[in-house]
Amino acid sequence: MNSINRWAWAEVDLGAIKANVDVLVKKAGRAQIWATVKANGYGHGAVEVARAALSAGAGGLCVALADEAHQLRQAKILAPILIVSEQPEIAFEQMLRDEVVATLYNETTINKYSAVAERLGVVGKVHLKVDTGMHRVGVPVADAMARVEQINAIDSLQLDGIYTHFATADLPSHDATAMQQRRFDELVAELDRKKLRPKHVHTSNSAALLRNLTATTDIVRVGIAIYGIAPSNETEDVAGRLRPAMSLQARVSHVQHLAAGEGVSYGLRKKLERSANIATLPLGYADGVPRRLWSVGGEVLIGGKRCPIIGVVTMDQLMVDCGDAEIKIGDHAVLIGSQGNETISANEIANRLETIGYEIVCGIGARVPRVYVENKA
Ligand SMILES: Cc1ncc(COP(=O)(O)O)c(C=O)c1O
(Lines give C-alpha, C1' and ligand atoms only; values in the text may rest on other atoms or scores of the structure.)
Protein backbone atom coordinates (compact mmCIF):
# COMPACT_ATOMS: atom_id res chain seq x y z
CA MET A 1 0.00 0.00 0.00
CA ASN A 2 2.98 2.32 -0.43
CA SER A 3 1.47 4.10 -3.39
CA ILE A 4 -1.39 5.72 -1.46
CA ASN A 5 -1.13 8.53 1.06
CA ARG A 6 -3.85 7.19 3.24
CA TRP A 7 -4.31 4.38 5.74
CA ALA A 8 -7.66 3.45 4.29
CA TRP A 9 -8.49 2.04 0.90
CA ALA A 10 -10.99 -0.05 -1.04
CA GLU A 11 -9.40 -3.02 -2.73
CA VAL A 12 -11.19 -4.01 -5.93
CA ASP A 13 -10.47 -7.46 -7.30
CA LEU A 14 -10.88 -7.31 -11.08
CA GLY A 15 -10.31 -11.07 -11.15
CA ALA A 16 -13.55 -11.43 -9.19
CA ILE A 17 -15.38 -9.10 -11.60
CA LYS A 18 -14.20 -11.20 -14.56
CA ALA A 19 -15.05 -14.49 -12.84
CA ASN A 20 -18.52 -13.19 -11.96
CA VAL A 21 -19.17 -11.96 -15.50
CA ASP A 22 -18.03 -15.32 -16.81
CA VAL A 23 -20.54 -17.12 -14.55
CA LEU A 24 -23.29 -14.70 -15.58
CA VAL A 25 -22.52 -14.87 -19.31
CA LYS A 26 -22.85 -18.65 -19.15
CA LYS A 27 -26.05 -18.39 -17.14
CA ALA A 28 -27.56 -15.90 -19.60
CA GLY A 29 -27.27 -18.38 -22.47
CA ARG A 30 -28.26 -16.68 -25.71
CA ALA A 31 -28.84 -13.30 -24.01
CA GLN A 32 -26.02 -10.76 -23.84
CA ILE A 33 -24.76 -9.34 -20.56
CA TRP A 34 -24.61 -5.54 -20.50
CA ALA A 35 -22.66 -4.61 -17.39
CA THR A 36 -24.25 -1.86 -15.33
CA VAL A 37 -21.42 0.46 -14.28
CA LYS A 38 -23.39 3.52 -13.20
CA ALA A 39 -22.48 5.32 -9.95
CA ASN A 40 -18.78 4.75 -10.64
CA GLY A 41 -19.33 1.04 -11.13
CA TYR A 42 -21.36 0.77 -7.90
CA GLY A 43 -18.39 2.39 -6.16
CA HIS A 44 -15.84 -0.01 -7.67
CA GLY A 45 -14.57 2.25 -10.49
CA ALA A 46 -16.55 2.52 -13.74
CA VAL A 47 -13.71 2.40 -16.26
CA GLU A 48 -11.83 -0.46 -14.59
CA VAL A 49 -14.99 -2.53 -14.11
CA ALA A 50 -16.19 -1.81 -17.66
CA ARG A 51 -12.90 -3.00 -19.13
CA ALA A 52 -12.87 -6.12 -16.95
CA ALA A 53 -16.51 -6.95 -17.75
CA LEU A 54 -16.04 -6.47 -21.50
CA SER A 55 -12.91 -8.62 -21.48
CA ALA A 56 -14.90 -11.37 -19.74
CA GLY A 57 -17.65 -11.38 -22.36
CA ALA A 58 -20.08 -8.55 -21.60
CA GLY A 59 -21.59 -7.23 -24.84
CA GLY A 60 -22.33 -3.70 -23.65
CA LEU A 61 -22.59 -1.33 -20.71
CA CYS A 62 -25.35 0.52 -18.89
CA VAL A 63 -25.05 3.82 -17.06
CA ALA A 64 -27.45 6.31 -15.49
CA LEU A 65 -26.03 9.60 -16.75
CA ALA A 66 -24.74 11.17 -19.95
CA ASP A 67 -21.53 12.15 -18.17
CA GLU A 68 -21.00 8.56 -17.01
CA ALA A 69 -21.19 7.44 -20.64
CA HIS A 70 -18.82 10.25 -21.62
CA GLN A 71 -16.26 9.14 -19.03
CA LEU A 72 -16.25 5.66 -20.61
CA ARG A 73 -15.86 7.07 -24.12
CA GLN A 74 -13.00 9.30 -22.96
CA ALA A 75 -11.34 6.13 -21.67
CA LYS A 76 -11.60 4.82 -25.27
CA ILE A 77 -14.23 2.23 -24.43
CA LEU A 78 -16.11 1.66 -27.68
CA ALA A 79 -18.73 -0.92 -26.60
CA PRO A 80 -22.45 -0.06 -26.78
CA ILE A 81 -23.50 2.10 -23.81
CA LEU A 82 -27.15 2.35 -22.80
CA ILE A 83 -28.14 5.33 -20.64
CA VAL A 84 -31.11 3.93 -18.73
CA SER A 85 -33.28 7.03 -18.40
CA GLU A 86 -33.97 10.28 -20.26
CA GLN A 87 -31.40 13.06 -19.82
CA PRO A 88 -31.71 16.86 -19.86
CA GLU A 89 -31.72 18.46 -23.31
CA ILE A 90 -28.34 20.10 -22.67
CA ALA A 91 -26.74 16.62 -22.74
CA PHE A 92 -28.22 15.51 -26.10
CA GLU A 93 -25.39 16.72 -28.33
CA GLN A 94 -22.75 15.04 -26.16
CA MET A 95 -24.79 11.82 -26.09
CA LEU A 96 -25.08 11.77 -29.87
CA ARG A 97 -21.40 12.57 -30.39
CA ASP A 98 -20.57 9.76 -27.94
CA GLU A 99 -22.82 7.45 -29.97
CA VAL A 100 -24.61 6.21 -26.88
CA VAL A 101 -27.85 4.28 -26.92
CA ALA A 102 -30.40 6.72 -25.49
CA THR A 103 -33.37 5.62 -23.44
CA LEU A 104 -36.43 7.66 -24.39
CA TYR A 105 -40.12 7.52 -23.41
CA ASN A 106 -41.70 10.97 -23.51
CA GLU A 107 -43.18 12.31 -26.76
CA THR A 108 -41.55 15.73 -26.40
CA THR A 109 -38.14 14.31 -25.43
CA ILE A 110 -38.20 12.09 -28.51
CA ASN A 111 -38.85 15.13 -30.70
CA LYS A 112 -36.15 17.22 -29.04
CA TYR A 113 -33.56 14.44 -29.17
CA SER A 114 -34.29 13.75 -32.82
CA ALA A 115 -33.98 17.46 -33.66
CA VAL A 116 -30.45 17.52 -32.23
CA ALA A 117 -29.57 14.34 -34.13
CA GLU A 118 -30.91 15.90 -37.32
CA ARG A 119 -28.89 19.08 -36.76
CA LEU A 120 -25.72 17.00 -36.26
CA GLY A 121 -26.55 14.87 -39.29
CA VAL A 122 -26.43 11.61 -37.33
CA VAL A 123 -28.84 8.79 -36.53
CA GLY A 124 -29.30 8.27 -32.80
CA LYS A 125 -29.89 4.78 -31.45
CA VAL A 126 -32.84 4.59 -29.08
CA HIS A 127 -34.24 2.05 -26.65
CA LEU A 128 -37.83 2.75 -25.64
CA LYS A 129 -38.41 2.14 -21.94
CA VAL A 130 -41.85 0.88 -21.03
CA ASP A 131 -43.36 1.19 -17.57
CA THR A 132 -45.04 -2.15 -16.94
CA GLY A 133 -45.60 -1.55 -13.24
CA MET A 134 -42.57 -0.17 -11.42
CA HIS A 135 -43.83 3.39 -11.95
CA ARG A 136 -40.47 5.14 -11.89
CA VAL A 137 -39.88 6.12 -15.53
CA GLY A 138 -41.03 4.82 -18.89
CA VAL A 139 -43.95 5.15 -21.25
CA PRO A 140 -47.14 3.50 -19.94
CA VAL A 141 -47.85 0.23 -21.75
CA ALA A 142 -51.01 1.68 -23.27
CA ASP A 143 -49.01 4.43 -25.02
CA ALA A 144 -45.98 2.35 -25.99
CA MET A 145 -47.17 1.51 -29.51
CA ALA A 146 -47.69 5.21 -30.27
CA ARG A 147 -44.13 5.97 -29.13
CA VAL A 148 -42.76 3.11 -31.28
CA GLU A 149 -44.57 4.53 -34.29
CA GLN A 150 -43.38 8.04 -33.46
CA ILE A 151 -39.72 6.96 -33.30
CA ASN A 152 -40.01 4.83 -36.43
CA ALA A 153 -41.33 7.83 -38.36
CA ILE A 154 -38.23 9.94 -37.54
CA ASP A 155 -35.26 9.52 -39.89
CA SER A 156 -32.69 10.75 -37.36
CA LEU A 157 -33.62 8.03 -34.84
CA GLN A 158 -33.25 4.28 -34.98
CA LEU A 159 -35.39 2.19 -32.63
CA ASP A 160 -32.76 -0.35 -31.58
CA GLY A 161 -34.54 -1.78 -28.55
CA ILE A 162 -37.51 -1.84 -26.23
CA TYR A 163 -37.34 -2.72 -22.55
CA THR A 164 -38.83 -2.66 -19.11
CA HIS A 165 -37.46 -2.86 -15.57
CA PHE A 166 -38.74 -5.12 -12.81
CA ALA A 167 -39.67 -3.70 -9.40
CA THR A 168 -39.63 -6.94 -7.42
CA ALA A 169 -37.32 -9.40 -9.16
CA ASP A 170 -35.28 -9.61 -5.94
CA LEU A 171 -38.36 -10.76 -4.01
CA PRO A 172 -39.12 -14.25 -5.35
CA SER A 173 -42.42 -14.55 -3.52
CA HIS A 174 -43.81 -11.32 -5.00
CA ASP A 175 -46.20 -11.80 -7.89
CA ALA A 176 -45.58 -8.40 -9.55
CA THR A 177 -42.70 -9.68 -11.68
CA ALA A 178 -44.98 -12.15 -13.46
CA MET A 179 -47.53 -9.38 -13.95
CA GLN A 180 -44.91 -7.02 -15.42
CA GLN A 181 -43.59 -9.80 -17.67
CA ARG A 182 -47.11 -10.55 -18.93
CA ARG A 183 -47.79 -6.92 -19.79
CA PHE A 184 -44.45 -6.65 -21.58
CA ASP A 185 -44.96 -9.94 -23.45
CA GLU A 186 -48.36 -8.72 -24.72
CA LEU A 187 -46.77 -5.55 -26.03
CA VAL A 188 -43.96 -7.49 -27.74
CA ALA A 189 -46.51 -9.85 -29.30
CA GLU A 190 -48.32 -6.83 -30.72
CA LEU A 191 -45.01 -5.49 -32.08
CA ASP A 192 -44.42 -8.87 -33.69
CA ARG A 193 -47.88 -8.85 -35.26
CA LYS A 194 -47.17 -5.41 -36.73
CA LYS A 195 -43.63 -6.43 -37.72
CA LEU A 196 -42.24 -3.62 -35.54
CA ARG A 197 -40.09 -5.66 -33.19
CA PRO A 198 -36.70 -3.90 -32.72
CA LYS A 199 -33.37 -5.70 -32.54
CA HIS A 200 -33.23 -5.82 -28.74
CA VAL A 201 -36.06 -6.73 -26.36
CA HIS A 202 -35.03 -6.82 -22.72
CA THR A 203 -36.29 -6.98 -19.18
CA SER A 204 -33.83 -8.46 -16.75
CA ASN A 205 -31.54 -7.23 -13.99
CA SER A 206 -29.27 -9.33 -11.76
CA ALA A 207 -32.06 -10.81 -9.67
CA ALA A 208 -34.04 -11.86 -12.74
CA LEU A 209 -30.95 -13.53 -14.21
CA LEU A 210 -30.08 -15.32 -10.99
CA ARG A 211 -33.69 -16.54 -10.83
CA ASN A 212 -33.63 -17.68 -14.47
CA LEU A 213 -36.35 -15.22 -15.51
CA THR A 214 -34.59 -14.51 -18.78
CA ALA A 215 -36.41 -16.65 -21.34
CA THR A 216 -37.61 -13.66 -23.35
CA THR A 217 -34.83 -11.16 -22.76
CA ASP A 218 -31.94 -10.73 -25.15
CA ILE A 219 -29.93 -8.37 -22.97
CA VAL A 220 -29.44 -8.74 -19.22
CA ARG A 221 -28.67 -5.36 -17.66
CA VAL A 222 -26.71 -6.89 -14.86
CA GLY A 223 -25.33 -4.73 -12.08
CA ILE A 224 -24.97 -5.90 -8.50
CA ALA A 225 -24.18 -9.53 -9.42
CA ILE A 226 -21.02 -8.61 -11.33
CA TYR A 227 -19.73 -7.05 -8.12
CA GLY A 228 -20.36 -10.37 -6.35
CA ILE A 229 -23.19 -9.13 -4.15
CA ALA A 230 -26.60 -10.80 -3.91
CA PRO A 231 -29.45 -8.43 -4.84
CA SER A 232 -31.36 -9.33 -1.66
CA ASN A 233 -31.42 -11.76 1.25
CA GLU A 234 -34.02 -13.73 -0.70
CA THR A 235 -31.60 -14.24 -3.61
CA GLU A 236 -28.53 -14.99 -1.47
CA ASP A 237 -28.78 -18.73 -2.23
CA VAL A 238 -28.82 -18.30 -6.03
CA ALA A 239 -25.92 -15.81 -5.87
CA GLY A 240 -23.69 -18.33 -4.09
CA ARG A 241 -21.15 -18.74 -6.90
CA LEU A 242 -20.34 -15.04 -7.10
CA ARG A 243 -17.24 -13.53 -5.46
CA PRO A 244 -17.43 -10.10 -3.79
CA ALA A 245 -15.06 -7.79 -5.65
CA MET A 246 -14.62 -5.01 -3.10
CA SER A 247 -13.13 -5.00 0.36
CA LEU A 248 -12.81 -1.91 2.52
CA GLN A 249 -9.61 -1.89 4.53
CA ALA A 250 -7.65 0.37 6.86
CA ARG A 251 -4.70 0.44 9.22
CA VAL A 252 -4.92 1.25 12.90
CA SER A 253 -3.82 4.88 13.22
CA HIS A 254 -3.89 5.25 17.02
CA VAL A 255 -4.15 2.96 20.05
CA GLN A 256 -5.42 3.71 23.55
CA HIS A 257 -5.89 1.65 26.67
CA LEU A 258 -8.97 3.04 28.38
CA ALA A 259 -10.30 2.31 31.86
CA ALA A 260 -13.80 1.08 32.63
CA GLY A 261 -16.30 3.95 32.69
CA GLU A 262 -14.55 6.02 30.00
CA GLY A 263 -16.73 7.21 27.12
CA VAL A 264 -15.69 7.18 23.46
CA SER A 265 -16.42 9.54 20.53
CA TYR A 266 -18.80 12.50 20.19
CA GLY A 267 -21.43 12.61 22.87
CA LEU A 268 -19.56 9.98 24.90
CA ARG A 269 -22.68 7.92 24.32
CA LYS A 270 -20.95 4.60 24.90
CA LYS A 271 -19.23 3.99 28.25
CA LEU A 272 -16.77 1.12 28.58
CA GLU A 273 -17.98 -1.58 30.99
CA ARG A 274 -14.42 -2.88 31.40
CA SER A 275 -11.00 -1.58 30.51
CA ALA A 276 -10.08 -2.20 26.87
CA ASN A 277 -7.65 -1.55 24.06
CA ILE A 278 -9.28 0.84 21.62
CA ALA A 279 -8.09 1.15 18.02
CA THR A 280 -8.77 4.24 15.95
CA LEU A 281 -9.22 3.73 12.21
CA PRO A 282 -8.94 6.66 9.78
CA LEU A 283 -12.29 6.08 8.05
CA GLY A 284 -15.51 7.94 8.77
CA TYR A 285 -18.92 8.89 7.49
CA ALA A 286 -17.34 11.14 4.86
CA ASP A 287 -15.92 7.90 3.44
CA GLY A 288 -19.29 6.15 3.46
CA VAL A 289 -19.19 4.39 6.84
CA PRO A 290 -22.60 5.36 8.24
CA ARG A 291 -22.43 7.40 11.46
CA ARG A 292 -24.91 5.18 13.24
CA LEU A 293 -23.25 1.87 12.35
CA TRP A 294 -21.92 1.62 15.95
CA SER A 295 -25.47 1.56 17.35
CA VAL A 296 -26.66 -1.36 15.21
CA GLY A 297 -23.87 -3.80 16.08
CA GLY A 298 -21.36 -2.74 13.42
CA GLU A 299 -18.06 -4.60 13.63
CA VAL A 300 -14.56 -4.50 12.14
CA LEU A 301 -12.07 -7.34 11.67
CA ILE A 302 -8.74 -6.87 13.42
CA GLY A 303 -6.36 -9.74 14.05
CA GLY A 304 -8.88 -12.08 12.44
CA LYS A 305 -11.51 -11.30 15.09
CA ARG A 306 -14.73 -9.34 15.05
CA CYS A 307 -14.40 -6.18 17.16
CA PRO A 308 -17.34 -3.82 17.78
CA ILE A 309 -17.29 -0.22 16.61
CA ILE A 310 -17.53 1.81 19.81
CA GLY A 311 -19.09 5.29 19.84
CA VAL A 312 -20.44 7.24 16.90
CA VAL A 313 -18.53 7.08 13.63
CA THR A 314 -17.04 10.55 13.13
CA MET A 315 -16.45 12.27 9.80
CA ASP A 316 -12.96 10.88 9.23
CA GLN A 317 -12.32 8.33 11.98
CA LEU A 318 -13.96 5.59 14.00
CA MET A 319 -13.01 3.69 17.13
CA VAL A 320 -13.04 -0.07 17.66
CA ASP A 321 -13.13 -2.01 20.95
CA CYS A 322 -10.43 -4.67 20.70
CA GLY A 323 -10.91 -5.92 24.29
CA ASP A 324 -7.68 -7.43 25.68
CA ALA A 325 -6.11 -7.99 22.28
CA GLU A 326 -2.67 -6.47 21.81
CA ILE A 327 -2.91 -4.03 18.93
CA LYS A 328 -0.49 -1.55 17.52
CA ILE A 329 -0.41 1.33 15.09
CA GLY A 330 -0.33 0.01 11.52
CA ASP A 331 -2.30 -3.17 12.25
CA HIS A 332 -4.55 -4.21 9.39
CA ALA A 333 -8.33 -3.81 9.73
CA VAL A 334 -11.15 -4.92 7.43
CA LEU A 335 -14.55 -3.24 7.40
CA ILE A 336 -15.91 -5.10 4.36
CA GLY A 337 -14.26 -8.35 3.31
CA SER A 338 -12.37 -11.22 4.91
CA GLN A 339 -9.57 -11.56 7.42
CA GLY A 340 -8.59 -14.96 8.79
CA ASN A 341 -11.72 -17.06 8.94
CA GLU A 342 -14.08 -14.12 9.38
CA THR A 343 -15.98 -12.23 6.69
CA ILE A 344 -18.10 -9.09 6.87
CA SER A 345 -20.13 -8.71 3.69
CA ALA A 346 -21.71 -5.55 2.31
CA ASN A 347 -25.06 -7.26 2.80
CA GLU A 348 -24.30 -7.94 6.50
CA ILE A 349 -23.75 -4.22 7.05
CA ALA A 350 -26.82 -3.45 4.92
CA ASN A 351 -28.98 -5.76 7.01
CA ARG A 352 -27.86 -4.06 10.20
CA LEU A 353 -28.80 -0.70 8.72
CA GLU A 354 -32.03 -1.98 7.13
CA THR A 355 -30.83 -1.16 3.66
CA ILE A 356 -29.31 -3.06 0.72
CA GLY A 357 -25.73 -3.94 -0.22
CA TYR A 358 -26.01 -1.61 -3.23
CA GLU A 359 -26.21 1.41 -0.94
CA ILE A 360 -23.19 0.32 1.09
CA VAL A 361 -20.80 -0.09 -1.86
CA CYS A 362 -22.15 2.91 -3.80
CA GLY A 363 -21.67 4.97 -0.65
CA ILE A 364 -17.90 4.36 -0.34
CA GLY A 365 -16.67 7.92 -0.74
CA ALA A 366 -14.66 9.35 -3.61
CA ARG A 367 -11.73 10.14 -1.30
CA VAL A 368 -11.19 6.47 -0.47
CA PRO A 369 -8.44 5.30 -2.85
CA ARG A 370 -9.38 2.31 -5.00
CA VAL A 371 -6.58 -0.22 -5.24
CA TYR A 372 -6.96 -2.68 -8.11
CA VAL A 373 -5.76 -6.26 -7.82
CA GLU A 374 -6.35 -9.30 -9.98
CA ASN A 375 -6.64 -12.33 -7.74
CA LYS A 376 -7.15 -15.83 -9.01
CA ALA A 377 -10.12 -17.77 -7.63
C1 LIG B 1 -32.88 0.15 -15.63
C2 LIG B 1 -31.91 -0.66 -14.86
N3 LIG B 1 -31.49 -1.82 -15.36
C4 LIG B 1 -30.62 -2.60 -14.70
C5 LIG B 1 -30.12 -2.24 -13.47
C6 LIG B 1 -29.17 -3.17 -12.75
O7 LIG B 1 -29.80 -3.70 -11.63
P8 LIG B 1 -29.04 -4.76 -10.69
O9 LIG B 1 -27.89 -4.03 -10.08
O10 LIG B 1 -30.07 -5.12 -9.68
O11 LIG B 1 -28.62 -5.87 -11.56
C12 LIG B 1 -30.55 -1.05 -12.90
C13 LIG B 1 -30.05 -0.66 -11.56
O14 LIG B 1 -30.66 -0.08 -10.76
C15 LIG B 1 -31.46 -0.24 -13.61
O16 LIG B 1 -31.89 0.92 -13.10
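This short talk goes through the aromatic pairs and the two largest pockets of the structure shown above.

Before I start, please keep in mind that this is a predicted model, in which local features need pLDDT of at least 70 and side-chain atom pairs count only at pLDDT 80 or more, while totals for chains, interfaces and linings use all residues. Residues are numbered from 1 along each chain as its sequence is written, and side-chain values use heavy atoms, with hydrogens and water left out.

Let me begin with the rings. The structure holds three aromatic pairs, where rings of Phe, Tyr and Trp (its six-membered ring) pair if their centres lie within 6.5 Å, and where planes under 30 degrees apart count as stacked, over 60 as edge-to-face and the rest as tilted. In one of them, the ring centres of Tyr-42 and Tyr-358 are 6.0 Å apart and the planes stand at 35°, so this pair is tilted. It links distant parts of the chain, since Tyr-42 sits in helix α2 (residues 38-42) and Tyr-358 in helix α11 (residues 357-362), 316 residues apart; helices here are DSSP runs (H or I, at least four residues) and strands likewise (E, at least two), numbered from the N terminus. Tyr-42 has 8% relative accessibility and therefore counts as buried, whereas Tyr-358, at 24%, counts as partly exposed, given that buried means under 20% relative accessible area, exposed over 50% and partly exposed in between (1.4 Å probe, protein chains only).

Another pair, Phe-92 with Tyr-113, is edge-to-face, with 5.0 Å from centre to centre and 85° between the planes. Phe-92 lies in helix α5 (residues 92-97) and Tyr-113 in helix α6 (residues 107-120), so the pair ties together parts that are 21 residues apart in sequence. Both Phe-92 and Tyr-113 are buried.

Now to the pockets, a pocket being an open set of points on a 1 Å grid over the protein atoms alone, where a 1.4 Å probe fits, with protein on both sides within 12 Å along at least five of seven lines, and lining residues having an atom within 4 Å of a point. The largest pocket has a volume of about 640 Å³, a volume being the space filled by probe spheres set on the points, which are joined across faces, edges and corners. Of its 31 lining residues, the closest to the centre are Lys-38, Tyr-42, Arg-136, His-165 and Tyr-358. Helix α2 gives the most to this lining, with three residues.

The second largest pocket holds about 390 Å³ of space, and of the 24 residues that line it, the closest to its centre are Pro-244, Ala-245, Met-246, Gly-337 and Thr-343.
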